[in-house]
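Biologist: I have a structure here and some questions about how its parts hold together. Can we go through them one by one?

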Amino acid sequence: MPFTFKLFHVDDSRCGMPVSTDGVLLGAWAPLVQAKTILDIGAGSGLLSLMAAQRSQAKITAIELDTDAALDCQQNFNACPWSERLEIICADIQAYAQAHYQAEAPKQFDHIICNPPYFANGPQSSNTSRATARHTDSLSFDSLLAAIKQLLGPQGAASLILPTESVNLFEAKLSTHQLELSQKLLAASVEGKTANRQVLVLRHTAALEHHAKVATQPVVAAKHEDVALQQLSIREKNGHYSQAFSLLSRDFYLKL
């Protein structure tokens, strides 16, 4: 269903995954404001790219495998105020990463953002596009991390959102790709409930020695080992958006 934000419109009628709170949370919280180049992996309708364009001055490249979703994405880019900074490429991210890695002057990005497939098993939707967007059959965690490793600049960061139940498996694979967790946001759907979503910020292992982990977002912060840990509730118990989420999303949602 088409969704209108304050500064742009998203038509996701041909996409496997519609506009969601997960996408808005990731797009609003990811530490990408200073990036000059951003890569959006699995762009879908282009929501994350559009939010990144609003929040930064970066040149943004969106990669989307599904042809129909890429058409929606291109349409949304053409209609937004930042179209000259946005590019959609309909391609497989593994092939894209390999081609750029083997190039004479490999292209790397300051920030990578991704709302990846996360179901490793279980029933799949009869809608092929939706199944592709949700299940790791099309993009495994290992394949995704390998692409991030190749395409992320030496001091860059990658931001992803996952259901809490998928995080342990994902984090267990980081060291294989010489990536480490730098920041984490634990997001609960309702105040007082256990976090059901986590936003992870990754960096190259060597880069962590040079990166100061300073929490700047309007959330409750805590420290856990070497990871900057933050917590946020999307809604209060009365059903209204929490103050923290409202502050994050007020530049995007029309009614905030």
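What follows is a short exchange about one helix and several salt bridges in this predicted model.

Biologist: Which residues of helix α4 are buried?
Modeller: Helix α4 covers residues 93-101. Buried means under 20% relative accessible area. In α4 that label goes to Ile93, Tyr96 and Ala97.

Biologist: Within what arc do the buried residues of α4 fall, seen down its axis?
Modeller: An α-helix has 3.6 residues a turn, so residues three or four places apart point the same way. The buried residues of α4 line one face of the helix. That is because they fall within an arc of 95 degrees.

Biologist: What do the buried residues of α4 pack against?
Modeller: Their partners include the helix α6 (141-151). The strands among them are β3 (37-41), β4 (59-64), β5 (86-90) and β6 (109-114).

Biologist: Which backbone nitrogen does a side-chain oxygen of Asp92 reach at the start of α4?
Modeller: The oxygen comes to within 2.9 Å of its partner. That partner is the backbone nitrogen of Gln94.

Biologist: Now the charged pairs. How many salt bridges does the structure hold?
Modeller: Side chains of opposite charge can pair when their charged atoms come close. One such pair is Arg14 and Asp72, at 2.8 Å, N to O. The count for the structure is 4.

Biologist: How many residues apart in sequence are the parts that Arg14 and Asp72 tie together?
Modeller: The side chains of Arg14 and Asp72 meet in a salt bridge. Arg14 lies in the loop between β2 (9-10) and α1 (21-29), and Asp72 in helix α3 (residues 67-79), so the pair ties together parts whose separation in sequence is 58 residues.

Biologist: Is Asp72 buried or exposed?
Modeller: Its partner Arg14 is partly exposed, at 33% relative accessible area. Asp72 has a relative accessible area of 0%. The cut-off for buried is under 20%, so Asp72 is buried.

Biologist: Where does Lys173 lie, the partner of Asp142?
Modeller: The side chains of Asp142 and Lys173 meet at 3.2 Å, N to O. Asp142 lies in helix α6, and the two parts tied together are 31 residues apart in sequence. Lys173 lies in the loop between α7 (164-172) and β8 (179-190).

Biologist: Which strand holds Lys184, the partner of Glu171?
Modeller: The closest N and O atoms of Glu171 and Lys184 are 2.8 Å apart. Glu171 sits in helix α7, 13 residues from Lys184. Lys184 is in strand β8.

How values were computed:
Residues are numbered from 1 along each chain as its sequence is written. This is a predicted model: local features need pLDDT of at least 70, side-chain atom pairs count only at pLDDT 80 or more; totals for chains, interfaces and linings use all residues. Side-chain values use heavy atoms; hydrogens and water are left out. Buried means under 20% relative accessible area, exposed over 50%, partly exposed in between (1.4 Å probe, protein chains only). Helices (H or I, at least four residues) and strands (E, at least two) are DSSP runs, numbered from the N terminus. The arc is that of the directions from the helix axis to the C-beta atoms. Contact means heavy atoms within 4.5 Å. A polar contact is a pair of N or O atoms within 3.5 Å; within protein, one must be able to donate a hydrogen and the other to accept it, and residues adjacent in sequence count only if both atoms are side-chain atoms.
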